[in-house]
Every structure is written in C-alpha cells, then in structure tokens.
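Colleague: I would be grateful for a close look at one part of this model, followed by an account of its surroundings.

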Amino acid sequence: TWVGVILAGFMMLLFGVWGLEDFIRGGFNQASTVISVGNEKITAREFQTAYQNTITRLQQQTKRTIDYATAKRAGIVRQIALEFIQTSIYRQETARLGLRVSDDVIKKELYAIRTFQGPTGNFDRSRFLLYLQQAQMTQNQVFADLAQQTARRFLLTSVGNFDTAPK
C-alpha cells in the first residue's frame with residue numbers, strides 16, 4: 001500500500017544515508033545500487049550526479065564553496081536521498097494507477113512557467129533554449145520532468161480532496 005511504501009522509503013533513507021557518505025567520497029562502484037524503492041534502483045552514479053548538480057547550483061547561488069562536511073551538516077545529502085525516494089514512490093504509484101499526462105497538458109505547463117516567458121508574458125523559445133543550455137538538459141528531459149511533476153500533483157490533489165475518510 002501507499003503508506004507501507006512511504007514508511008519503507010523513510011526507513012531506507014535513515015539507514016541508507018549512513019552508507020551514502022562512503023560512496024560520495026568515492027568508495028562505491030558507480031554501478032552499485034545505493035537506494036532501492038520497490039522495483040526501482042538508484043545507482044551510485046545517479047546519486048553522485050544529483051549530489052554534484054545540487055552542490056554546483058548552491059555554490060553558484062551562494063558564491064561560496066560547499067565541502068562534503070558542510071553539505072552533510074546542512075542536510076543536503078539526506079535531502080537528495082529523500083527526493084530520490086519520494087520521486088520513485090510517486091512514479092511507481094502513478095504508473096500503478098495508470099495516470100498519464102497528455103502532450104497538450106505538458107505544453108500548457110511549460111508555457112505557464114514564468115522563467116520561459118518573455119516581456120509580453122508569452123512563451124519565449126529563446127529563454128527556454130537558454131535554460132536547457134544552462135541546466136545541461138534536453139527538451140525531452142524537461143518534458144519528462146514536467147509530465148512526472150504534473151502526474152504527481154494530480155495524484156496528491158486527488159488524495160487531498162477528501163473531506164472525511166470513507167466509511
């Protein structure tokens with residue numbers, strides 16, 4: 001069930017974060033699994049990429065160097081692990097329920113993002129392309145992320161729309 005998967009994910013997070021420290025410092029095989037949620041496995045390479053991207057983004061925002069000890073104290077390692085677990089749980093649940101997001105909905109979501117809007121408030125393709133370049137992402141990756149986020153929002157909205165528990 002939903003609750004069981006979430007509880008299992010948090011338990012794995014608690015025990016898994018201890019082992020992540022060694023891997024971030026280069027102690028694990030990059031293909032080894034560092035987090036497992038249901039039938040999904042997150043490899044050391046995937047986690048390390050997310051960790052590096054997060055640290056790079058934070059360093060650019062703060063204009064300060066962030067070493068591993070600082071990242072750990074700030075809860076960044078734990079947060080990245082939690083994001084992987086949550087994303088995996090939601091992805092599996094939306095797949096189980098058969099939730100799909102149409103291309104038209106993804107397009108509307110993309111056009112509504114202020115970062116991609118020009119001075120007139122309309123979608124500006126050049127801003128979108130600049131974002132892709134800066135984020136080192138492809139258009140398909142952004143569309144997949146939007147589809148996943150939208151499906152997750154639909155799932156959470158539907159779960160949260162009950163005033164009382166069913167009898």
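Which backbone oxygen lies 3.5 Å from a polar atom of the side chain of Gln 117?

Modeller: The backbone oxygen is that of Ala 112, and 3.5 Å separates this oxygen from a polar atom of the Gln 117 side chain. A polar contact is a pair of N or O atoms within 3.5 Å; within protein, one atom must be able to donate a hydrogen and the other to accept it, and residues adjacent in sequence count only if both atoms are side-chain atoms. Please note that this is a predicted model, in which local features need pLDDT of at least 70 and side-chain atom pairs count only at pLDDT 80 or more, whereas totals for chains, interfaces and linings use all residues. Residues are numbered from 1 along each chain as its sequence is written, and side-chain values use heavy atoms, with hydrogens and water left out.

Gln 117 is placed in the loop between α5 and α6; helices (H or I, at least four residues) and strands (E, at least two) are DSSP runs, numbered from the N terminus. Gln 117 counts as buried because its relative accessibility is 18%, where buried means under 20% relative accessible area, exposed over 50%, and partly exposed in between (1.4 Å probe, protein chains only). Apart from its neighbours within four places in sequence, Gln 117 is in contact with Tyr 111, Ala 112, Asn 122, Phe 123, Asp 124 and Arg 127; contact means heavy atoms within 4.5 Å.

Asp 124 and Arg 127, both among these contacts of Gln 117, also meet each other through their side chains in a salt bridge, at 3.7 Å from N to O. The term salt bridge denotes a side-chain nitrogen of Lys or Arg within 4 Å of a carboxyl oxygen of Asp or Glu. Arg 127 is classed as partly exposed because its relative accessible area is 37%.

Tyr 111 and Phe 123, two further contacts of Gln 117, belong to one aromatic cluster together with Phe 116, Phe 128, Tyr 131 and Phe 143. The structure holds seven aromatic pairs. Rings of Phe, Tyr and Trp (its six-membered ring) pair if their centres lie within 6.5 Å; planes under 30 degrees apart count as stacked, over 60 as edge-to-face and the rest as tilted. One pair outside the loop is formed by Tyr 51 and Tyr 68, which is tilted, with 6.3 Å from centre to centre and 50° between the planes. This pair links distant parts of the chain, since Tyr 51 is in helix α2 (residues 44-62) and Tyr 68 in helix α3 (residues 68-73), 17 residues apart. Both Tyr 51 and Tyr 68 are buried.

Back in the cluster, the ring centres of Phe 116 and Phe 128 are 5.1 Å apart and their planes lie at 80°, so the pair is edge-to-face. Here too distant parts of the chain are linked: Phe 116 is in the loop between α5 (103-112) and α6 (125-135), while Phe 128 is in helix α6, twelve residues apart. Phe 116 counts as buried because its relative accessibility is 4%, and Phe 128 counts as buried because its relative accessibility is 1%.

Salt bridges occur elsewhere as well, and a search of the whole structure finds four. In one of them the side chains of Glu 40 and Arg 91 meet at 2.9 Å, N to O. This pair links distant parts of the chain, with Glu 40 in strand β2 (residues 40-43) and Arg 91 in helix α4, 51 residues apart. Glu 40 counts as buried at 17% relative accessibility, whereas Arg 91 is partly exposed, with a relative accessible area of 35%. In another, the side chains of Glu 109 and Arg 153 meet at 2.7 Å, N to O. That pair also links distant parts of the chain: Glu 109 is in helix α5 and Arg 153 in helix α7 (residues 139-160), 44 residues apart. Glu 109 is partly exposed, with a relative accessible area of 22%, and Arg 153 is partly exposed at 37%.

As for the wider setting, the protein has seven helices and two strands, which follow the pattern α-β-β-α-α-α-α-α-α along the sequence. Of the 167 residues in the protein, 28% are buried. Among contacts between residues at least 6 apart in sequence, 56% join residues at least 24 apart.
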